[in-house]
Every structure is written in structure tokens, then in C-alpha cells.
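Got the model open in your viewer? Let's walk through it stop by stop, with something to select each time.

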Amino acid sequence: MFNKIMKRGHRKVSKSDGADYGYAPTSGGGGRSSGSVSTSNVVVNHASRGGAPAHSGQPASTIAAASALPPPSGTIENLPLFRDVPVTERQNLFLRKLQNCCFQFDFSDTLKMVREKEIKRQTLAELVDYVQSGSGKITENNQEEMVRMISVNIFRCLPPASHENTGSENVEADEEEPYLDPSWPHLQLVYELLLRYVVSSDTDTKIAKRYIDHSFVLKLLDLFDSEDPREREYLKTILHRIYGKFMVHRPFIRKAINNIFYLFIYETERHSGIGELLEILGSIINGFALPMKEEHKLFLVRALIPLHKPKPIALYHQQLSYCIVQFAEKDYKLADTVIRGLLKYWPVTNCQKEVIFLGELEEVLEATQAAEFQRCMVPLFRQIAHCLNSSHFQVAERALFLWNNEHIVSLIAQNRNVILPIIFGALEKNIQSHWNQAVHGLTVNVRKMFLEMDVELFEECQRQFAEKEARARELEEQRELTWQKLAAAAQGG
């Protein structure tokens, strides 16, 4: 049986709704459930319109809804094409097609209601073509009904995540098959219709923002947790377009994305759409005006830098690194903040994560100027010295690759008096005892580079290292002698 068409919910919008920048899970979208799916709770905020009779006591949208009743349950009309009806009748036909598309189908059974599914698919394709062609301006009532139909179709309970089905906690992303929603033939067209509506030059934002409101945006953001990569790609494009077109929503969207990040970092460490959200933010950060607002700097410190903490960073690191580097390039004074943030979350036992951090560090250092470099170089090169001596050859090798970057080498050369004494011991230990031949060869090259930079400084560091080693040997000998005396006293006693 078909699901019944939901009836529109009506509520008056309080002023606090428009100003509320907090985030709360919505009943209609983004949640995961293994039970049945219901669309009865999907409500789109509909603003009241003028033109209603003064004595009716009802907003115009309520009266319009009365004339927009769905077809009888269990039936779906095979309506004529737009080109087959007079221009004057096309808006009414558009409305009837929207009502047809509110029907929901069970896609778990491919042999069930094949004809009706195909009618809906063709109807959705016609609606997309109609909106894209701009052959007729869509009335306000039809815009409202279109957003309602879109909401009915896309705002749904997402299926359980793969780890919830299998119980597996740490499945490699490359080994896991992506989930593909069986209803995608319809969903794709619904998303395409929404995208065409948002980008259309005929869409008046003053009217459209009544329907594409904060509630709609929040439910759209909830859907980013979908495991279907095709759906997340559409959501990314649509949200980016909404951010660009609806300036009134921009602070709210940034705040809502922040809250998704906080939930991911500090509670769940599971979310399918972090990479896509970061892609959107990369474009947004690129458009930040200078001098940068304090709000944006706080976003860097409180959300972006802590995103280095979760274990699945490899899934979204490329997009995260782009956002971080954008900040460093936009405002060079933030380079010190970024580098200290990386050091704060530097992995202790995860070697693959260390390699990722070293790659990002190189990109940030390329955008770092001398003054900012000097503020953080001591803790930075202490960490790099640890990486140079890592028994994992990829970590040591990636740290040594920093000396292949001309800008970084110039920064090191300007501050060699501070840096060489910090890392000299690590270089010598690699030459003496590192097991990997490639790391040994790269270390020799870096050592030679320092020798050519400043012979006197190099020889002084060499002398201090030799003295330190001699003292260490002497202490070891004294310790051994003490233990021998204790052993002899124990035997004699």
C-alpha cells in the first residue's frame, strides 16, 4: 500500500526561531532508525501571506492548502506532459505533479509497484526540466508545495550505519563497500529539483527564504550523515548554493556546522559527512574578508584544530588541511596558533597519523613568515627531533623531507643557532643506529646541509654532543659499579 500523504503542519514563527543559532536534532532528518520510516512529522515553516479575507481568521497559505489536497490514497495519476497543455494550465498541472510526487514507495522490493515508481520518476524528471528551463515563473503557492514535496521525500530516517549492523568498530575505509540507497533513482531527481530551484535566477530569495528556513537547513545538515556518497555530494552542492544565495542564513549555517563538529569531536567520533562539510567551509574561508573577524578565529581554534583529534582523521584530512592552510594564508599571524594546535594534538602511538600531521605541517610552514616561525620553533623542532628518531621509517623519512622545501630551509637557516642544537643529537643517533637505509641517507644529507650553513656552529654542536655522550657513558658506568657493589654486599651479608 502507498503511504498516505502527510498533511501540512501549521505554526506561527516566533522571533526567537529566527534568532536561535543553536543546534538540536530534528525529528524529520538525519536520525538513524532500524524501524519503519514515517514522514508525518516533516514540517516546513510556511510564512503567512497577504491576500486572505480579513474575516477568515486563517493565513492565506492555509486556504491555499485546502485547494492542494492529494489524490485519493492508493492511486497515482498519469498526468499529461507540460507541452501538451495550454500555458495557462501549466501552474495547475505543476501543482498536481507535485502532489503525485508526495507518494512514498518501498524500494526494498524491486518488483513491487514498478509502474507507479516509473510514473513518479518520469514526473520528477519533468518537474526538473520545467524548473531548469525557466519556461514559466512558479507561483508562491507552488513554490511552497514544491518545498513541501521535497521535504516529504528527502527528510527521512537514515538506515543504521554499517558498524551498527555488523558490530565492527574499526573497519578500514578502503575495505568497506559504500552503502547505496535503493531509492536513489527518485532521490536524485528530488535533489536535482531542489538544486535547480535554489540556483534559478527566477527564484526570489525574499520569497524562498520563507520555505528554505532554519528548520529546513538543519534537516538538510542532518542528512550529511548519510552513508551514500552520491547523496552527500548533492547535499554539499546544494548547501553551498544556499549559503551563497541566502545571505541571511550564513551565520546560522556556520554555527550549525560548528555544532556537528563538536558532537563528532567530543562525543561520537562517527559521522559520514565531515569531509563534505569541510569542503564547503574551505570555499567559505576562502571568501573571508580581512581583517578576519574574531568569530572566524574562534572557529579555527575551537572546531578546526580539534578535528585533528578523532581517530578517523584520514577520511577527511585532505579537506581539513586545506581549511587550515587557508587560515594561515589569509592571516599570517595565525600560523603560530595553527602550529601550536598541531603540536597539542600530535599523535603519540599512531604512526600513520604522524605522517599525515607532518604533511600538513609542511603546508602550514610554507605559509609561515619569520616572526611567527620564531615564536613556535623551539617546541616545533623538539617534536621534529622525536620524529627523526622514530623507528617507523615513514615517520622519520617524512620529517627529513621537510629539508627538501626551500622556504622551510630558509627559515631554518635564519634560526640555525636555535634549531641545530635541538636536533643535532637526533641526526647523530640516526647516522649511528637507524635501521632503515633510506632514512640513514637522508639524515646524512641534512647533516651535510647544516655543516655547509655554519661550520663553526656545527663543530660546537658536535663538541657538545660528544661531551653529553661522554657524560652519559660515565653515568652508566657509575650506575653499573653501584649495582655491582650492592650485589657484592648482598652476597657477603
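Before the first stop, one cut-off: a disulfide here is a pair of cysteine sulfur atoms within 2.5 Å. How many disulfides does the structure hold? The count is 0. Keep in mind as you go that this is a predicted model.

**Stop 1: the cysteines.** Select C101 and C102. C101 is in no disulfide, and its nearest cysteine sulfur, the one on C102, sits 7.5 Å away. That is not within 2.5 Å, so the pair doesn't qualify. Is C101 buried or exposed? C101 is buried, at 1% relative accessibility. Now jump to C461, which counts as buried too, at 5%.

**Stop 2: helix α22.** Select residues 455-492, which make up α22, and pick out L457 inside that helix. L457 has a relative accessible area of 14%, so it counts as buried; the cut-off for that label is under 20%. What does L457 touch, leaving aside residues up to four places away in sequence? Show R416, N417 and L420, and you have its contacts. While you're there, add P421: it is 36 residues from L457 in sequence, yet the two C-alpha atoms are 8.8 Å apart in space.

**Stop 3: helix α11.** Select 250-268, the range of α11. Try a distance between its end C-alpha atoms: they are 26 Å apart, and 19 residues at 1.5 Å a residue should span 27 Å, so the two figures agree. Next, colour the buried residues of α11, among them F252, I253, I257, F261 and F264. Not every name on that buried list is greasy-looking in a viewer: R254, N258 and N259 are on it as well. Which helices do the buried residues of α11 pack against? Switch on α9 (214-222), α10, α12 and α13.

**Stop 4: either side of α11.** Go to H249, in the loop between α10 (229-245) and α11. H249 is buried, at 4% relative accessibility. Leaving out residues up to four places away in sequence, H249 touches K209, I212, D213, H214, V217 and I242. Then hop to E269, which comes just after α11 and takes a positive phi of about 55 degrees. E269 belongs to the loop between α11 and α12. With a relative accessible area of 27%, E269 is partly exposed.

**Stop 5: two more backbone spots.** Select M113, in the loop between α3 (90-100) and α4 (114-133). M113 has a phi near 55 degrees, which is positive in a residue other than glycine. M113 counts as partly exposed, at 24% relative accessibility. Now select L290 and P291: the peptide bond from L290 to P291 is cis, with omega near 0 degrees. You'll find P291 in the loop between α12 (274-286) and α13 (294-304).

**Stop 6: the cavity.** Rolling a probe the size of a water molecule over the atoms shows where empty space is left. How many cavities of 30 Å³ or more are there? The count is 1. About 110 Å³ of space lies in the largest cavity. To see its wall, select Y130, V131, G134, G136, K137, I138, Q143, Y197, S200, D202 and T203. Colour that lining by residue type and you get 4 nonpolar, 5 polar and 2 charged.

Notes
Residues numbered from 1 in each chain as written. Predicted model: local features only at pLDDT ≥ 70, side-chain atom pairs only at ≥ 80, totals over all residues. Heavy atoms only, no water. Helix = DSSP H or I, 4+ residues; strand = E, 2+ residues; numbered from the N terminus. Buried < 20%, exposed > 50% of the residue type's maximum accessible area, 1.4 Å probe, protein only. Contact = heavy atoms within 4.5 Å. Expected span 1.5 Å × (residues − 1). 1 Å grid on protein atoms, 1.4 Å probe; cavity = no way out; pocket = protein on both sides within 12 Å on 5 of 7 lines; lining within 4 Å. Points joined across faces, edges and corners; volume = space filled by probe spheres on them. Nonpolar A, V, L, I, M, F, W, Y, C, P; charged D, E, K, R; others polar.
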